[in-house]
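Please open the model in your viewer and keep a selection prompt at hand. The tour below goes from one selection to the next and says what is there at each stop.

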Amino acid sequence: MSLVTRCAVCGTAFRVQPAQLAARGGKVRCGKCGDVFDGVAALVEEGGERLLLEPSPQLGLFDPSRRPPQDARPALDEAPLPEFMAEIEPRTRRQWPWTVAALAAAALLAAQATFRYRSELVAYLPAARAPLDAACRWLRCEVALPRRLKLLSIDSYEVRADPQRDGVIVLNAVIRNRAPFPQDYPALQLTLTDEATRHLVSRVLSPREYLDAGRAAQLIARGIDAGGETSLTVYLDASRTRATGYQLVLFYPT
């Protein structure tokens with residue numbers, strides 16, 4: 001039995017078989033305009049009037065209870081479907097530009113993190129120094145020792161007058177590195193204050209000024225060992241001040 005269905009968009013009529021409608025659940029793609037429509041709902045008579053969709057043999061195409069037994073059904077795979085009954089492929093958006101953009105953003109973020117924490121990376125992974133040194137030669141940077149000030153502390157310090165020289169004070173301090181990696185030696189700022197804790201004079205000491213002069217270059221190159229400490233003794237001239245107090249802080253010059 002042959003049926004006629006009509007495209008709701010362009011009005012083109014097609015002759016179809018019930019088995020062909022059943023193969024795609026009634027969905028039909030117009031071979032002229034490409035519109036997808038319900039071929040059963042659009043069934044028409046030869047005269048052009050739309051068929052009423054009341055209980056009828058056509059509903060057996062979609063109602064499993066009305067379908068014939070499996071062995072009585074026609075073999076739908078032996079005859080090719082006409083063009084207007086072709087498989088309707090869903091339209092998919094192109095995902096690859098977003099994937100490429102996401103990968104590029106992730107790579108850029110990783111490169112920025114590597115550049116920012118290059119010193120810590122080398123401290124944890126010494127094998128990374130060679131490629132990072134090569135990259136820094138191109139980027140005109142350097143792979144210095146880490147500078148995590150929050151992981152440094154002054155365990156103890158005191159400022160006292162030198163008993164052998166008038167106007168000279170002696171600074172004794174111990175700097176501890178609480179990081180699990182070596183760190184660059186910090187600078188020290190010693191401030192002398194009066195009885196009202198007003199600042200009278202301040203002096204900044206670089207690592208070369210408070211480390212042993214004979215070993216300063218070697219110590220600075222190695223840094224403070226992970227979990228290690230360094231002791232220092234510095235003599236300063238304070239004859240021009242009448243200081244009664246002092247403050248000592250660590251910092252890294254910018």
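## Strands β6, β7 and β10

Begin by selecting residues 152–161, which make up strand β6, together with β7: the two strands run antiparallel and are joined by nine bridges. What you have on screen is a predicted model, and this holds for every stop that follows.

Within this pair, pick Arg160 and look across to β7, where the residue standing opposite is Val170. Then move to the turn of the hairpin, which places six residues between β6 and β7, and select Gly167, whose phi is positive, near 80°.

Now select the whole of β7, residues 168–177, and display it with the rest of the chain as a surface: the strand is mostly covered, with nine of its ten residues counted as buried. When reading the side chains here, it helps to recall that in a regular strand they alternate between the two faces of the sheet.

Add residues 229–237, which form strand β10, to the selection; β10 and β7 run antiparallel and are joined by nine bridges. For a cross-strand pair at this stop, select Ile169, and Leu236 of β10 will be found opposite.

## Salt bridges

Which side chains should be selected for the charged pairs? The count of salt bridges in the model comes to eight, and three of them can be visited one after another, starting with Arg165 and Asp162, whose side chains meet at 3.0 Å, N to O. The two partners can be compared by their accessibility: Asp162 is at 10% relative accessibility and therefore counts as buried, whereas Arg165, with a relative accessible area of 42%, is partly exposed.

Go next to Arg203 and Glu209, where a salt bridge has its nitrogen and oxygen 3.2 Å apart. Here Arg203 is partly exposed, with a relative accessible area of 37%, and Glu209 is also classed as partly exposed, at 40%.

The third pair to select is Arg222 with Asp225, whose side chains form a salt bridge at 3.8 Å, N to O. Arg222 has a relative accessible area of 45% and is partly exposed, while Asp225, at 39%, is partly exposed as well. From there, select Asp155, Arg176 and Glu229, which are joined into one network by salt bridges that share partners.

## Strands β2, β1 and β5

Turn now to another sheet, in which three strands are arranged in the order β2-β1-β5, forming an open sheet with antiparallel pairing. The edges are taken by β2 (13–16) and β5 (43–44), each of which has a single partner strand, so one side of each is left without a neighbour in the sheet.

Select β1, residues 3–6, with β5 to see the antiparallel pairing between them, which rests on two bridges. Centre the view on Val4, and the residue standing opposite in β5 is Val44.

Then follow the chain into the loop between β1 and β2 and select Thr12, which has its place there. Is Thr12 buried or exposed? Thr12 has a relative accessibility of 18% and so counts as buried. Leaving aside residues up to four places away in sequence, the residues that Thr12 touches are Thr5, Arg6, Cys7, Cys30 and Lys32.

## The cysteines

Select Cys7 and Cys33 next: the cysteine sulfur closest to that of Cys7 is in Cys33, 3.6 Å away, which is too far for a bond. Cys7 is at 2% relative accessibility and is therefore buried.

Do likewise with Cys10 and Cys30, where Cys30 supplies the closest cysteine sulfur to that of Cys10 at 3.5 Å, again too far for a bond. Cys10 is partly exposed, with a relative accessible area of 32%. How many disulfides does the structure hold? With the sulfur atoms required to be within 2.5 Å, the number of disulfides is zero.

## The whole chain

Finally, clear the selection and show the entire protein chain, whose secondary structure comprises six helices and eleven strands. Of its 254 residues, 31% count as buried. The exposed area of the chain is about 17300 Å², of which carbon and sulfur atoms supply 53%. If you draw a contact map, then among contacts between residues at least 6 apart in sequence, 61% join residues at least 24 apart.

Terms used:
Residues numbered from 1 in each chain as written. Predicted model: local features only at pLDDT ≥ 70, side-chain atom pairs only at ≥ 80, totals over all residues. Heavy atoms only, no water. Helix = DSSP H or I, 4+ residues; strand = E, 2+ residues; numbered from the N terminus. Buried < 20%, exposed > 50% of the residue type's maximum accessible area, 1.4 Å probe, protein only. Contact = heavy atoms within 4.5 Å. Areas by Shrake-Rupley, 256 points an atom, 1.4 Å probe, with all protein chains shown as cover. Pairing = 2+ DSSP bridges. Salt bridge = Lys/Arg side-chain N within 4 Å of Asp/Glu carboxyl O.
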